[in-house]
Amino acid sequence: MDERIKNFEEALLSVHRSISYLTRVFLAERGLTMSRFRVLVYLDTRQEINMSQLQSRLLLSPATVTGLVDGLVNDGLVVRRRDEVDRRMVYLRLTEAGAAVRDEVLAFRRRCLRDALT
C-alpha cells in the first residue's frame, strides 16, 4: 500500500508540474503571470473585495498586491472603487473582460488535467 501511495503522490506532482508549466506559457501568451492570474481567480464580477482582503488571501505584501492590481486595472481586467465614506478603503471588482480571461485560463487548465488523466 505504501508503494501505491508513493507512486500516486509522484504522479500528482508530475501532473501539477506539467499543468503549472503549460499554464505559465498560456498566460504569457496573454501578457499575464501566474500571480496576476491568482488575483483574477479571487475576484468576482458581482462582488467587491477590499485590498486588505485580497492581500490576506494571496499571502503577499501590500506593495506586491498593489503592483499586480495596477497592471490588471491598466489592462481593463479589474476596476477599483474608493469607498465614499472612508476614502482609504479601496474595493476591487473583476470586469467582464477579466472574467472572460479568467474563465479561458481555467478552461485551459481543466483540459490539461483531463488530458493528463486520460
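Trainee: What share of the residues in the protein chain is buried?
Mentor: Keep in mind that we're looking at a predicted model. A residue goes in the buried bin when its relative accessible area is under 20%. Of the 118 residues in the protein chain, the buried share is 31%.

Trainee: In what order do helices and strands follow each other along the sequence?
Mentor: You have five helices and three strands to place. Reading along the sequence, the pattern is α-α-β-α-α-β-β-α.

Trainee: Is the protein chain more spread out or less spread out than a compact globule?
Mentor: For 118 residues the globule rule gives 13 Å. The radius of gyration here is 17 Å, well over that, so the chain is more spread out than a compact globule. If you want extents, the C-alpha trace spans, along its principal axes, about 60 × 30 × 25 Å.

Trainee: How many aromatic pairs turn up, and which kind is it, stacked or edge-to-face?
Mentor: Searching the whole structure gives one aromatic pair. The ring centres of Phe26 and Phe108 are 4.0 Å apart. Planes under 30 degrees apart count as stacked, and these sit at 5 degrees, so the pair is stacked.

Trainee: Which helices does that pair link, and how many residues apart are Phe26 and Phe108?
Mentor: Both Phe26 and Phe108 are buried. Phe26 belongs to helix H1 (residues 2–28) and Phe108 to helix H5 (residues 96–117), so to speak distant parts of the chain. Helices H1 and H5 are what the pair links, with the two residues 82 residues apart.

Trainee: How far apart are the mean positions of the positive and negative charges?
Mentor: The protein chain carries 20 positive and 16 negative charges. Take the mean position of each set, and the two are 1 Å apart.

Conventions. Residues numbered from 1 in each chain as written. Predicted model: local features only at pLDDT ≥ 70, side-chain atom pairs only at ≥ 80, totals over all residues. Heavy atoms only, no water. Helix = DSSP H or I, 4+ residues; strand = E, 2+ residues; numbered from the N terminus. Rg over C-alpha atoms; globule rule 2.2 N^0.38 Å. Buried < 20%, exposed > 50% of the residue type's maximum accessible area, 1.4 Å probe, protein only. Lys, Arg positive; Asp, Glu negative; His and termini not counted. Charge placed at Lys NZ, Arg CZ, Asp CG, Glu CD. Phe/Tyr/Trp six-rings, centres within 6.5 Å; stacked < 30°, edge-to-face > 60°.
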